[in-house]
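Open the model in your viewer and keep the sequence panel beside it. The tour goes from one selection to the next.

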Amino acid sequence: MSTSLIFAATPTAWSDTVSSKDRHRTGLLPESLVSRLASSYADLPRDPHMRSGDDYRYRAFAQGSVINGRIEWESEATFEQAADINAYAGGQKRSFAPIRSDVLRDVVEVVDHLREDVIGVESDALIGAHQIRVIAGDGVTGLPAPEGVHQDGFDIVATCVIGLTNVSGGVTTLTTDAAGQHVVAQESLGAREYAAFDDRALFHYVSPVNALVPGQTHRDVLVLTFTLI
Ligand SMILES: [Fe+2]
């Protein structure tokens with residue numbers, strides 16, 4: 001497993017000499033791709049691993065690999081993070097509903113965009129894909145990052161915003177420290193925008209989501225994780 005970012009082939013994002021604070025970038029995904037993905041979020045089941053009373057998150061998950069430019073998904077996938085990485089839900093094997101096979105075809109397109117723009121098309125990697133909807137409103141605040149300022153334990157993490165409905169908040173902050181003091185980027189990402197960053201060098205946080213005006217509120221994201229191999 002790679003523990004540092006070394007792009008031997010196509011250093012499209014940041015090379016070894018780029019300092020920690022600059023190891024992030026934003027980009028824009030194609031409208032047609034995002035609108036196809038957006039329609040699938042209404043069907044997501046509730047995240048079964050939230051603590052009692054935290055009913056604001058829905059999700060599906062897939063994991064696979066890209067080797068020699070070919071993406072393969074595993075038939076069954078469980079997700080596990082160490083407790084010291086994720087104080088909210090780490091230290092347990094979490095299984096989620098699988099991402100639908102028709103949706104996975106669109107996820108592959110997003111992965112390909114990130115490989116072109118950030119990862120490097122010749123880099124092999126293990127991939128995690130998380131479709132996540134956070135809802136709010138009717139007295140509910142949705143927390144996109146209930147664990148607070150954190151790292152996820154991968155080489156690169158990309159948060160792609162697929163849809164925003166009536167959202168106030170949900171601001172993504174990148175910092176160089178676990179306390180969240182040294183901010184290097186703060187983005188209110190709009191639909192179609194992604195933020196990709198070096199998850200070994202930077203910490204991230206997303207602020208709570210509330211309803212802008214009374215009514216249905218959701219923030220739909222596709223989080224992609226990459227471990228270079
Ligand atoms: Fe995260």
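Select β8, residues 156–165. This strand is mostly covered: eight of its ten residues are buried. Buried means that 20 or more other C-beta atoms lie within 10 Å of the residue's own; exposed means 12 or fewer, partly exposed is in between, and C-beta atoms are placed from the backbone. Strands here are DSSP runs of E with at least two residues, helices are runs of H or I with at least four, and both are numbered from the N terminus.

Two notes before moving on. This is a predicted model: local features need pLDDT of at least 70, side-chain atom pairs count only at pLDDT 80 or more, and totals for chains, interfaces and linings use all residues. Residues are numbered from 1 along each chain as its sequence is written.

**The partners of β8**

Add β15, residues 217–228. β8 and β15 run antiparallel and are joined by nine bridges. Strands count as paired if DSSP finds at least two bridges between them. Label Leu164: its bridge partner in β15 is Arg219.

Now add β12, residues 193–198. Five bridges pair β12 with β8, again in the antiparallel sense. Label Cys160 and look across to Tyr194, its bridge partner in β12.

**The core**

Which residues have the most contacts inside the largest nonpolar core? Select Ala158, Cys160, Leu222 and Leu224. The core has 53 residues. Elements that each supply at least two of its residues include α1 (31–38), α2 (101–119), β7 (125–136), β8 and β15. A nonpolar core is a set of buried Ala, Val, Leu, Ile, Met, Phe, Trp, Tyr and Cys residues joined through C-beta atoms within 7 Å.

Center on Leu222. Beyond its neighbours within four places in sequence, Leu222 is in contact with Leu37, Val107, Val110, Ala129, Gln131, Cys160 and Ile162. Contact means that the C-beta atoms of two residues, placed from the backbone, lie within 7 Å.

**Arg59**

Go to strand β2, residues 57–67, and pick Arg59. Is Arg59 buried or exposed? Arg59 counts as buried, because 24 C-beta neighbours lie inside 10 Å. Show what Arg59 touches, leaving out residues up to four places away in sequence: Leu44, Asp47, Phe96, His130, Gln131 and Ile132. Then draw a distance from Arg59 to Gly170. Their C-alpha atoms are separated by 17 Å, and the two residues are 111 apart along the chain.

**The three-stranded sheet**

Select β10 (172–175), β11 (183–187) and β13 (203–206). These three strands form an open antiparallel sheet in the order β11-β10-β13. β11 and β13 stand at the edges with a single partner strand each, so one side of each has no neighbour in the sheet. From one strand to the next, the twist averages 15°; axes are lines fitted to C-alpha atoms, for helices over the stretch in contact, and angles run from 0 to 180 degrees between N-to-C directions.

Stay on β10. Four bridges join β10 to β11, and four join β10 to β13. Thr172 has Glu187 as its bridge partner in β11 and stands opposite Val206 in β13. Thr173 has Tyr205 as its partner in β13.

Turn on side chains. In a regular strand they alternate between the two faces of the sheet. In β10, Thr172 and Leu174 point to one face and are buried. Thr173 and Thr175 point to the other and are not.

**Two loop residues**

Find Asp138 in the loop between β7 and β8. Asp138 has a positive phi of about 55°, although it is not a glycine. Asp138 is exposed, with 10 other C-beta atoms within 10 Å.

Jump to Asn166, in the loop between β8 and β9 (167–169). Asn166 is also not a glycine, and its phi is positive at about 60°. Asn166 is partly exposed, with 17 other C-beta atoms within 10 Å.

**Zoom out**

Show the whole chain: two helices and 15 strands. Its C-alpha atoms fill a box of roughly 50 × 40 × 35 Å along the principal axes. Of the 229 residues, 38% count as buried. Among contacts with a separation of 6 or more, 80% join residues 24 or more positions apart.
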